[in-house]
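Work through the exercises below with the model open. Try each task before reading its solution.

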Amino acid sequence: MGLRKILTEQESSLHKVCKTVTSFDRKLHKLLDDMKETLIESNGVGLAAPQVGILRRVVLVDTGDGILELVNPTMLETDGEQVGPEGCLSVPGKYGLVKRPYYAKVRAQDRDGNWYEAEGEELIARCFCHELDHLDGILYTEVMERFLTDEELEADE
Ligand code: CO
């Protein structure tokens with residue numbers, strides 16, 4: 001077990017397309033365990049492997065009832081629309097206004113390679129989109145409408 005360092009937006013690993021995971025071995029399990037510890041420690045809602053410098057298609061999403069491990073995730077379905085504030089552990093201290101689908105359904109493998117589906121609305125759907133974007137080297141700052149101002153952030157508190 002161990003905490004991994006979260007990289008910030010200027011690091012090149014955050015801007016690259018990640019590779020498919022083909023080995024569901026101890027190394028992957030260690031990565032997932034470390035990412036989970038890092039996500040909990042940083043109070044985040046999601047974390048993608050490139051944020052800890054690993055260019056593999058692995059993300060974690062905290063659904064509120066536990067942390068989902070998504071390996072090689074793909075988007076199956078989206079519906080509706082929501083516009084709201086979004087942040088990223090790799091863009092500390094900032095929030096942007098981002099349009100995302102209201103509902104999203106993904107297909108992914110678990111740590112042993114078994115395929116499953118997961119779906120969610122609101123924050124979960126937003127998080128699926130945000131984390132899957134990370135695997136293609138896309139940060140929310142590239143798809144947002146604008147950054148939130150300090151006044152808007154204070155009003156939210
Ligand atoms: Co992020």
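A residue counts as buried when its relative accessible area is under 20%. The model used here is predicted.

**Exercise 1. State whether Cys-127 is buried or exposed.**

Step 1. Take the relative accessibility of Cys-127, which is 6%.
Step 2. Compare with the cut-off: buried means under 20%.
Step 3. Cys-127 therefore counts as buried.
Step 4. Repeat for Cys-129: its relative accessible area is 8%, so Cys-129 is buried.

**Exercise 2. Explain why Cys-127 and Cys-129 form no bond.**

Step 1. Recall that a disulfide is a covalent bond between the sulfur atoms of two cysteines.
Step 2. Such a pair of sulfur atoms must lie within 2.5 Å.
Step 3. The cysteine sulfur closest to that of Cys-127 belongs to Cys-129, 9.2 Å away, so the gap is too far for a bond.
Step 4. Cys-129 is in no disulfide.
Step 5. The count for the structure is 0 disulfides.

**Exercise 3. Find the strands at the edges of the sheet.**

Step 1. Write down the strand order of the open sheet: S1-S2-S3-S6-S7, 5 strands with antiparallel pairing.
Step 2. S1 (46–48) and S7 (115–121) each have a single partner strand, so one side of each lacks a neighbour in the sheet.
Step 3. Add the twist, which averages 35° from one strand to the next.

**Exercise 4. Describe how S6 and S7 pair, and which helices meet the sheet.**

Step 1. S6 (residues 103–109) and S7 run antiparallel, joined by 7 bridges.
Step 2. In this pair, Lys-105 stands opposite Glu-119 of S7.
Step 3. Helix H2 (residues 122–135) packs on the sheet and touches S1, S2, S3, S6 and S7. Its direction makes about 125° with that of S7.
Step 4. Helix H1 (residues 26–41) lies across S1, S2 (58–62) and S3 (67–79), at about 35° to S2.

Technical notes:
Residues numbered from 1 in each chain as written. Predicted model: local features only at pLDDT ≥ 70, side-chain atom pairs only at ≥ 80, totals over all residues. Heavy atoms only, no water. Pairing = 2+ DSSP bridges. Helix = DSSP H or I, 4+ residues; strand = E, 2+ residues; numbered from the N terminus. Axes fitted to C-alpha atoms, helices over the stretch in contact; angles between N-to-C directions. Contact = heavy atoms within 4.5 Å. Buried < 20%, exposed > 50% of the residue type's maximum accessible area, 1.4 Å probe, protein only.
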